[in-house]
Amino acid sequence: LKSSRLGRQRVGRRGKAPTICAGPRRCGVPAGRVLVRVSVCLSCVCVYMRASAADRVVPSGGANGGSSSLWPHPRSVREYASHRKKVHTVAWNCSGTKLASGSVDTSVRVWTIDEGGRASDVELKGHSDSVDQLRWDPKNEHLLGTASGDKTVRIWDARTSKCVHAIETRGENINIRWSPDGQHLAVGDKEDNISIIETRKCKALRTMKFPHEVNEMAWDPSGRLFFLTTGAGNVDVFSFVDLLKPPPAPPKPGDGSAAPAPAATLTGHTANCYCLEFSPSGERFAVGGADALVSLWDVKELACVATFARLEWPVRTLSFSHDSSYIAAGSEDPLIDVAHVATGKQALAVPVKAPSNSIAFHPKRMLLAFAGDDKDKMGRDEGSLRILGFPS
């Protein structure tokens, strides 16, 4: 289960699942993975949302749920298929002119999508194992970083579609993140090593071995603090300057140095924390965990200010909208939950046919890219991604 970033997240759900469809047609079809709060019948394809006071039915077929006042934006979804196997990761560049996707088929694709949603793509070849996560340089719209199970991190130039740097690492990489100034990369592998790479020299400054499970990481907007999600249900906060200091004793050849003690530990989940995202405004950050909760935190106070509990499966992926007014969360639930940050209410429920692997809001428009474990009628990976928000 630790073979990939997503493999860590395939754990049990919360609550007892209904055995048959709870939709309005009462068709009696087994509900499969559907849980107490959200029941989906894959036969009649309906979504039945259970509220505390009264039951509420939300029809499927596009993006539904929420209210038009909280989501006054287009709800149509477009599909883009090009990969040969399932897509594990999607991300927009800082200008929003390109979207990248990484797949189990070892390829990376960079999509150019116009204002109306028409797209063209190019394939980036070089990895020899699954591309589990990718992210763009926050300061350079042309540079893309990818983390793969082939024990390399690659930096690509989207203008030439070429790999400009290939950096070898100790383990099979599952997470990657750029620092806010684009000067450093943090890379995590499945053996709980975190490497800090200087992008100018493309050299690992330090590799730290953690004694417990560590997952997604991120710098705060200032770049001074480094946040790391853990298997203990915590978020450890480090001074980035301290992370770069040489360890007291040099590690043995082939080993990573022991990780320093965190400056602070934030406790807000009862199970493993998997994903972490900062809002574009820099005022909030969100954490998703195996307890199926999304916690919202104040950056200055490092205090939890809200939790969202509409999902039933471990939260795999998070994304804030460009104006920080929405937070989207994906899991193995049959929908992506889009919450209105100010009120905590559901602004939108985006039905999906398979567990969500990655979601990403556009940096300037109200568009949401997402990808999952979708299969075709023959049970083969679709290798597709989807974008919500283009006009019908």
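## A buried salt bridge between distant strands

At 15% relative accessibility, Arg135 counts as buried, because the cut-off for that class is under 20%. In this predicted model, the side chain of Arg135 meets that of Glu216 in a salt bridge, with N and O 3.8 Å apart. The two residues belong to distant parts of the chain, Arg135 lying in strand β9 (residues 131-136) and Glu216 in strand β17 (residues 214-219), 81 residues apart. Glu216 is likewise buried, its relative accessible area being 5%.

## Other charged pairs

The structure holds 23 salt bridges in total, among them one between Arg200 and Glu198, whose closest N and O atoms are 3.7 Å apart. The partners of this bridge fall into separate classes of accessibility, for Arg200 is exposed at 59%, whereas Glu198, with a relative accessible area of 18%, is buried.

A further salt bridge joins the side chains of Asp381 and Lys375 at 2.5 Å, N to O, and Lys375 is partly exposed, with a relative accessible area of 44%. Salt bridges with shared partners also connect Glu79, Lys353, Asp374, Glu382 and Arg386 into one network.

## Aromatic pairs and a ring cluster

The count of aromatic pairs comes to nine. In one of them, the ring centres of Phe227 and Phe278 are 5.1 Å apart and the planes stand at 80 degrees, so the pair is edge-to-face, given that angles over 60 degrees are assigned to that class. This pair, too, links distant parts of the chain, since Phe227 lies in strand β18 (residues 225-230) and Phe278 in strand β22 (residues 273-278), 51 residues apart. Both rings belong to buried residues, with a relative accessible area of 0% for Phe227 and 14% for Phe278.

Phe278 also pairs with Phe285: the centres of these rings are 5.1 Å apart and their planes are at 35 degrees, so the pair is tilted. Phe285 counts as buried at 0% relative accessibility. Through ring pairs, Phe227, Phe278, Phe285 and Trp297 are linked into a cluster.

## The sheet that contains β22

Strand β22, which carries Phe278, is part of an open sheet of four strands in the order β22-β23-β24-β25, with antiparallel pairing. Its edge strands are β22 and β25 (303-308), each of which pairs on one side only, and the twist from one strand to the next averages 25 degrees.

Between β22 and strand β23 (residues 284-289), the antiparallel pairing extends over five bridges; Leu276 has Val287 in β23 as its bridge partner.

How values were computed:
Residues are numbered from 1 along each chain as its sequence is written. This is a predicted model: local features need pLDDT of at least 70, side-chain atom pairs count only at pLDDT 80 or more; totals for chains, interfaces and linings use all residues. Side-chain values use heavy atoms; hydrogens and water are left out. Rings of Phe, Tyr and Trp (its six-membered ring) pair if their centres lie within 6.5 Å; planes under 30 degrees apart count as stacked, over 60 as edge-to-face and the rest as tilted. Buried means under 20% relative accessible area, exposed over 50%, partly exposed in between (1.4 Å probe, protein chains only). Two strands pair if DSSP finds at least two bridges between them. Axes are lines fitted to C-alpha atoms, for helices over the stretch in contact, and angles run from 0 to 180 degrees between N-to-C directions. A salt bridge is a side-chain nitrogen of Lys or Arg within 4 Å of a carboxyl oxygen of Asp or Glu.
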